[in-house]
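Me: I'd like to learn how to read pockets and helix crossings in a protein model. Could you walk me through them?

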Amino acid sequence: MKKINVRNEMEQVTTIHDIAKKSGYSASTVSRVLNRKKHVSTETRQAIQQVIEELDYVPSDIARDLSRGKTLNIGFVLPNTKHPFFTEILTGAIDAAFKTPYHLVILPSEYDEEKEIEYLEQLRSNAYDGLIFTSHGVPLEKLAEYTKYGPIICCEDPYDVPISAVYAKRRIALTEAFTWLKEKQYNNVGFFLSREEKLSATSKETLGAYRRIFKNEPEKQLVKTGVTTYKDGYQAAKEWVENGIVPEVIFSNGDDIVTGARQYYLEHDLALPFLVGQEDQLSSQLLNISTIDYQFTEIGRQAFELVLKAEGIEKIGIPSTFIVRN
């Protein structure tokens with residue numbers, strides 16, 4: 001087996017000092033040629049260029065970007081890809097990034113505070129020009145502390161916390177939805193949520209809107225957390241049925257998720273509760289399920305544009321809409 005001498009291979013990497021030594025010009029002159037600066041004679045430029053070609057030198061993009069004070073990298077902190085909230089925001093950010101020289105770097109977090117702090121420390125050490133947090137395990141106040149090292153955008157309403165944000169104005173559509181349900185005399189509402197209310201701004205806003213309209217607390221047995229996929233929705237409906245829990249309405253945190261519950265009821269010839277999803281996905285459109293459109297793709301697009309501005313604190317609320325279907 002052939003052994004590779006890592007030390008020797010690393011020593012063979014060409015630097016601008018090698019070019020300077022072979023060409024007879026200073027490293028600063030070589031740098032000016034590489035960066036296409038003025039004040040270099042044609043003769044000097046040609047001589048240095050000839051040595052560059054002989055040594056097959058390829059300049060480091062990273063070094064060049066750092067010399068400009070930019071990495072051209074934007075960190076995109078993503079807890080997971082199970083819920084369309086995250087994937088649709090990512091889609092919007094990618095669409096916006098295509099129009100710029102910037103790179104979008106996916107940073108998986110799984111709501112791990114230590115991992116998120118690591119990303120924040122990387123911002124501090126100039127590994128990124130900014131960070132976008134689609135959601136977070138670290139408290140908003142902690143995120144705000146790191147804004148002195150670079151722009152940070154969160155995708156929820158930060159209220160009084162001094163941090164830039166692009167978020168869905170959920171309260172408008174949630175109020176419309178629960179008002180409509182109450183007017184139709186639905187009372188026994190079941191919820192599918194991704195996380196507990198104390199951990200999730202979305203869960204907090206959803207249950208808060210219910211309390212404002214219905215003037216009571218949701219029944220604990222009708223609040224299911226950890227529900228983020230079609231399969232989870234199917235399983236949650238199964239558990240309710242097996243335990244004799246019969247909601248009049250299933251208010252879900254996603255169209256595909258509530259579609260899973262719908263499938264369980266249909267497979268077992270059970271009467272369907274009234275279904276409300278979120279995100280206005282293809283599944284709700286095809287199956288005629290009521291939903292809420294939060295315009296997550298637009299949130300992702302504007303979040304990316306805002307992180308590039310890097311000018312003070314700005315908070316942008318995107319209107320949401322309750323869509324009633326049969």
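Me: How many residues of each class are in the lining of the largest pocket?

Reply: Start with the classes: Ala, Val, Leu, Ile, Met, Phe, Trp, Tyr, Cys and Pro count as nonpolar, Asp, Glu, Lys and Arg as charged, and the others, Gly among them, as polar. Here the lining has 12 nonpolar, 4 polar and 12 charged residues. One caution: this is a predicted model, where local features need pLDDT of at least 70, side-chain atom pairs count only at pLDDT 80 or more, and totals for chains, interfaces and linings use all residues. Residues are numbered from 1 along each chain as its sequence is written, and side-chain values use heavy atoms, leaving out hydrogens and water.

Me: Which residues lie nearest the centre of the largest pocket?

Reply: A pocket, on a 1 Å grid over the protein atoms alone, is an open set of points where a 1.4 Å probe fits, with protein on both sides within 12 Å along at least five of seven lines; lining residues have an atom within 4 Å of a point. In this case 28 residues line the largest pocket, and Glu 156, Tyr 159, Ser 200, Ala 201 and Lys 204 lie nearest its centre.

Me: Which element gives the most to the lining of the largest pocket?

Reply: Elements are DSSP runs numbered from the N terminus: helices (H or I, at least four residues) and strands (E, at least two). Helix α10 gives the most, with 6 residues.

Me: What is the volume of the largest pocket?

Reply: A volume is the space filled by probe spheres set on the grid points, which are joined across faces, edges and corners. For the largest pocket that is about 680 Å³, while the second largest pocket holds about 370 Å³. The lining of the second largest pocket divides into 8 nonpolar, 10 polar and 7 charged residues.

Me: At what angle do the axes of helix α11 and helix α12 cross?

Reply: Axes are lines fitted to C-alpha atoms, for helices over the stretch in contact, and angles run from 0 to 180 degrees between N-to-C directions. The axes of α11 (residues 230-242) and α12 (residues 255-267) cross at roughly 45° and come within 6 Å. Angles under 35 degrees count as roughly parallel, over 145 as roughly antiparallel, 65 to 115 as roughly perpendicular and the rest as oblique. Helices α11 and α12 are therefore oblique to each other.

Me: Which residues in α11 meet α12?

Reply: Contact means heavy atoms within 4.5 Å. Tyr 230, Gly 233, Tyr 234, Ala 237, Lys 238 and Val 241 in α11 meet residues in α12 including Asp 256 and Tyr 264.
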